[in-house]
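User: I'm new to this one, so could you walk me through it in plain words?

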Amino acid sequence: MVTNQKCSNCSKQAKIRLSYTKRIYCNNCFLKIIEKRVRKELRIKKYFKPNENIFLFNDNSKEYFVAKYLLNNIFEKHLNLKETKNKNIKGKLLIPTNLDREIKNKLNSYLENTAVEKTNIKILYNILEEEIINFCKIKGFKINNKDETNNLIEEIEKTHPGSKFSLSKSFENLSEK
Ligand SMILES: [Zn+2]
């Protein structure tokens, strides 16, 4: 928690410090940054058609709570969003995740030369777990689970802050080829 320092975006008191940047944020600016990143991704990927049935996988995780909040905020009433606890449902299924988990899984399957699990649509794959945790704290969402970290990735990130984002981009390019 940051005290007596001002948000890098506005003049309010900064409360959020992130590991990969020297910029610090007030709660509002932080929430906006995360929403903007998810919004941009959804726009680029064009996952949804109007009036399509979309199922959000509800595993009661912190990622689920954040995904549900953001989808409702971004699409308001323009998305037919339903929830399910069944991963084998027919229809478009959105799986809440986080960036750390995605790069960890992709690195493992790359090293072991196994295929990456092709699931439906991932949401929040460009949001770090630490960002999701901050988001939940601000919004009062439950934090039920924390992922196991990968030592190699954490070491790289420590020496070169921001590496997780670059890794995520590289893996994305790899899988598109
Ligand atoms: Zn601010």
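Analyst: Happy to. The chain has six helices and six strands, where helices (H or I, at least four residues) and strands (E, at least two) are DSSP runs numbered from the N terminus. This is a predicted model: local features need pLDDT of at least 70, side-chain atom pairs count only at pLDDT 80 or more, and totals for chains, interfaces and linings use all residues. Residues are numbered from 1 along each chain as its sequence is written.

User: In what order do the elements of the chain run from the N terminus on?

Analyst: The six helices and six strands are mixed along the chain. Reading from the N terminus, the order is β-β-α-β-α-β-β-α-β-α-α-α.

User: What is the order of the strands in the open sheet?

Analyst: Two strands pair if DSSP finds at least two bridges between them. Five bridges join β3 to β4, and three join β3 to β5. β4 (80–84) and β6 (121–123) each have a single partner strand, so they stand at the edges. The four strands, with parallel pairing, come in the order β4-β3-β5-β6.

User: Which residue stands opposite leucine 56 in β5?

Analyst: β3 and β5 run parallel and are joined by three bridges. Opposite leucine 56, the residue in β5 is leucine 94.

User: What is the hand of the crossover from β3 through α2 to β4?

Analyst: A crossover is right-handed if, with the strands pointing away from the viewer, the path from the first strand over the helix to the second runs clockwise. Here β3 and β4 run parallel, and the chain passes through α2 between them. This β-α-β crossover is right-handed.

User: Which element supplies the largest share of the largest nonpolar core?

Analyst: A nonpolar core is a set of buried Ala, Val, Leu, Ile, Met, Phe, Trp, Tyr and Cys residues joined through C-beta atoms within 7 Å. Buried means 20 or more other C-beta atoms within 10 Å of a residue's own, exposed means 12 or fewer, and partly exposed is in between, with C-beta atoms placed from the backbone. The core has 30 residues, and Leu56 and Leu94 are among those touching the most other members. Its largest share, six residues, comes from α2.

User: What radius of gyration does the chain have?

Analyst: It is taken over C-alpha atoms, and the globule rule is 2.2 Å times the number of residues to the power 0.38. With 177 residues, a compact globule would come out near 16 Å, which agrees with the chain's 17 Å.
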